Amino acid sequence: MTRPAGEGLSDQERYDQGMVVRREVLSDAHVDRAVAGTTELTADFQDFITRVAWGDIWSRPGLDRRSRSVAVLTALIALGHHEELAMHLRAALRNGLTVAEIREVILQAGLYCGVPAANTAFRIAAEVFAQD
């Protein structure tokens with residue numbers, strides 16, 4: 001049985017581990033912007049996503065980062081989370097997916113999530129890849 005990544009770690013250790021992974025996946029520039037934009041209203045949420053999403057889930061050994069990116073892209077396409085999709089398209093490239101592989105993920109998602117969802121995902125991907 002795989003032990004949860006954060007098991008036995010303090011909240012601060014999970015936060016620190018999460019910040020490392022978050023920066024590796026999303027980039028220092030993205031994380032620096034998020035941290036700089038933290039307010040009293042959003043501080044607890046920033047702490048939560050760093051500890052739990054990045055320090056626990058993204059740090060687990062059960063899937064490599066490429067596989068996690070495929071899963072995340074598919075979920076974001078299915079749920080229509082377009083702002084997050086753009087961010088995670090960049091992350092997928094950082095995690096080693098190629099543009100051709102991302103195209104296949106979007107095509108696959110189109111089959112199961114619907115043509116309009118894939119159409120929007122391709123538009124967002126074209127915008128993201130044109131910027132990078």
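**Entry 1: the annotated span**

I began with the UniProt record, an unreviewed entry, which lists residues 44-127 under "domain: Carboxymuconolactone decarboxylase-like". I kept in mind that such annotations may be inferred rather than shown by experiment. The model I have open is a predicted one. I took the span's secondary structure next: residues 44-127 are 83% helix and 0% strand. The end C-alpha atoms of this span lie 32 Å apart.

**Entry 2: helix α3**

I checked helix α3, residues 43-57, for its length. It has 15 residues, and at 1.5 Å a residue it should span 21 Å. I find its end C-alpha atoms 20 Å apart, which agrees with that expectation.

Which residues of α3 are buried? I noted Gln46, Ile49, Thr50, Arg51, Trp54, Gly55 and Asp56. I then asked what these buried residues pack against. They pack against α1, α2 (28-36) and α5 (82-94).

**Entry 3: aromatic pairs**

I searched the whole structure for aromatic pairs and got two. In one of them, Trp54 with Trp58, the ring centres are 4.9 Å apart and the planes stand at 25 degrees, so I logged the pair as stacked. The cut-off I used for stacked is planes under 30 degrees apart. Are these two Trp residues buried or exposed? Both Trp54 and Trp58 are buried. Trp54 was already on my list of buried α3 residues.

**Entry 4: Arg14**

I moved to Arg14, which is found in helix α1, residues 11-26. Its relative accessibility is 12%, so I counted Arg14 as buried; the cut-off is under 20%.

I looked up its partners. The first note is on Asp11: the side chains of Arg14 and Asp11 meet in a salt bridge, 2.7 Å from N to O. The two side chains also appear as a polar contact, at 2.7 Å. How far apart are Arg14 and Asp11 along the helix? They are three residues apart in α1, which means a separation of about one helical turn. Asp11 is partly exposed, at a relative accessible area of 48%.

The other note is on Asp56. The side chains of Arg14 and Asp56 meet in a salt bridge at 2.8 Å, N to O. Arg14 lies in helix α1 and Asp56 in helix α3, so this pair ties together parts that are 42 residues apart in sequence. Asp56 is buried, with a relative accessible area of 16%.

**Entry 5: salt bridges overall**

How many salt bridges does the structure hold? I have nine. I traced a network of them that links Asp11, Arg14, Asp47, Arg51 and Asp56. Arg51 and Asp56 are among the buried residues of α3.

I also logged Arg65 with Glu24. Their side chains meet in a salt bridge at 2.8 Å, N to O. Arg65 lies in helix α4, residues 65-79, and Glu24 in helix α1, so the pair ties together parts 41 residues apart in sequence. Are these two buried or partly exposed? Arg65 counts as partly exposed at 28% relative accessibility. Glu24 counts as partly exposed too, at 38%.

**Entry 6: what I keep**

I keep two ties from helix α1 on the page. Arg14 joins α1 to α3 through Asp56. Glu24 joins α1 to α4 through Arg65. Beside them I keep the packing note, where buried residues of α3 pack against α1, among other helices.

How values were computed: Residues are numbered from 1 along each chain as its sequence is written. This is a predicted model: local features need pLDDT of at least 70, side-chain atom pairs count only at pLDDT 80 or more; totals for chains, interfaces and linings use all residues. Side-chain values use heavy atoms; hydrogens and water are left out. Rings of Phe, Tyr and Trp (its six-membered ring) pair if their centres lie within 6.5 Å; planes under 30 degrees apart count as stacked, over 60 as edge-to-face and the rest as tilted. Buried means under 20% relative accessible area, exposed over 50%, partly exposed in between (1.4 Å probe, protein chains only). Helices (H or I, at least four residues) and strands (E, at least two) are DSSP runs, numbered from the N terminus. A polar contact is a pair of N or O atoms within 3.5 Å; within protein, one must be able to donate a hydrogen and the other to accept it, and residues adjacent in sequence count only if both atoms are side-chain atoms. The expected span of a helix is 1.5 Å times one less than its number of residues. Contact means heavy atoms within 4.5 Å. A salt bridge is a side-chain nitrogen of Lys or Arg within 4 Å of a carboxyl oxygen of Asp or Glu.
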